[in-house]
Amino acid sequence: KQMISKSYSYITKEIGADEIWKVVSNINKWSLWDEKLKTAYIQGEFKSGNYFFIHPKKGPKVKIDLVDVKPYEYFKDLTRFPLAKMY
């Protein structure tokens with residue numbers, strides 16, 4: 001069993017955490033600012049236990065589970081693939 005880990009972070013003082021959270025948690029508008037997405041949508045709230053879908057322009061539609069959501073702090077999601085899970 002092998003695990004690959006990758007992390008990315010960006011620090012800015014141009015906008016605050018509240019504004020960033022409003023953009024990140026508004027999944028239904030992701031495709032307006034992410035040019036790699038055809039669509040992204042969620043039914044209901046951006047909260048633990050819910051799920052959303054993204055459809056990349058160069059790939060299949062993917063279901064993503066919201067595993068842990070701490071508003072204005074972080075969220076952890078889970079995508080299941082054949083023989084793999086990605087958090």
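Thr-79 is buried, with a relative accessible area of 4%; buried means under 20% relative accessible area, exposed means over 50%, and partly exposed lies in between (1.4 Å probe, protein chains only). The model is a predicted one, in which local features need pLDDT of at least 70 and side-chain atom pairs count only at pLDDT 80 or more, while totals for chains, interfaces and linings use all residues. Residues are numbered from 1 along each chain as its sequence is written, and side-chain values use heavy atoms, with hydrogens and water left out.

Thr-79 belongs to strand β4, which covers residues 74-81. Strands here are DSSP runs (E, at least two residues), numbered from the N terminus. Leaving aside neighbours within four places in sequence, Thr-79 is in contact with Val-62, Lys-63, Ile-64, Ala-84, Lys-85 and Met-86. Contact means heavy atoms within 4.5 Å.

How are the strands ordered in the sheet? The sheet is open, has 5 strands in the order β1-β2-β3-β4-β5, and its pairing is antiparallel. The edge strands are β1 and β5 (84-86), each of which pairs on one side only. On average, neighbouring strands of this sheet are turned by 25 degrees against each other, direction ignored. Such angles run from 0 to 180 degrees between N-to-C directions, and the axes are lines fitted to C-alpha atoms. Strands of a sheet pair through backbone hydrogen bonds, either parallel or antiparallel. In this description two strands pair if DSSP finds at least two bridges between them. Between β3 and β4, which run antiparallel, there are 6 bridges. One of the residues with a bridge partner is Lys-70, whose partner in β4 is Tyr-74.

Next come the loops. Tyr-72 lies in the loop between β3 and β4, and its phi is near 65 degrees, a positive value in a residue other than glycine. Leu-83, in the loop between β4 and β5, also has a positive phi, near 70 degrees, and is likewise not a glycine. Most residues other than glycine have a negative phi. Is each of these two residues buried, partly exposed or exposed? Tyr-72 counts as partly exposed because its relative accessibility is 45%, and Leu-83 counts as exposed because its relative accessibility is 92%.

A third loop residue is Asn-50, found between β1 and β2. Asn-50 counts as buried because its relative accessible area is 14%. A polar atom of the Asn-50 side chain lies 2.7 Å from the backbone oxygen of Glu-45. This is a polar contact, meaning a pair of N or O atoms within 3.5 Å; within protein, one must be able to donate a hydrogen and the other to accept it, and residues adjacent in sequence count only if both atoms are side-chain atoms. Not counting residues up to four places away in sequence, Asn-50 touches Ile-42, Gln-43, Gly-44, Glu-45, Asp-65 and Leu-66.

Asp-65 leads on to the charged side chains. Side chains of opposite charge can pair when their charged atoms come close. A salt bridge is a side-chain nitrogen of Lys or Arg within 4 Å of a carboxyl oxygen of Asp or Glu, and the whole structure has 3 of them. Asp-65 forms one with Arg-80, with the closest N and O atoms 2.5 Å apart. Asp-65 lies in strand β3 and Arg-80 in strand β4, so this pair ties together parts that are 15 residues apart in sequence. Asp-65 also meets Lys-63 in a salt bridge (3.9 Å, N to O). Lys-63, Asp-65 and Arg-80 are thus linked in a network of salt bridges. Within this network, Asp-65 is buried at 17% relative accessible area, Lys-63 is partly exposed at 41%, and Arg-80 is exposed at 53%. Another salt bridge joins Lys-70 to Asp-68, the closest N and O atoms being 3.6 Å apart; Lys-70 is partly exposed at 36% relative accessibility.

The last topic is the nonpolar interior. In soluble globular proteins, nonpolar side chains tend to be buried together. A nonpolar core is a set of buried Ala, Val, Leu, Ile, Met, Phe, Trp, Tyr and Cys residues joined through side-chain atoms within 4.5 Å. The largest such core has 13 residues, and those with the most contacts inside it are Ile-27, Trp-30, Phe-46, Phe-52 and Ile-54. At least two residues of this core come from each of β1 (37-42), β2 (51-56) and β3 (62-70). The most come from β3, which gives 4 residues. Leaving aside neighbours within four places in sequence, Ile-27 is in contact with Ala-40, Tyr-41, Ile-42, Phe-46 and Phe-52.
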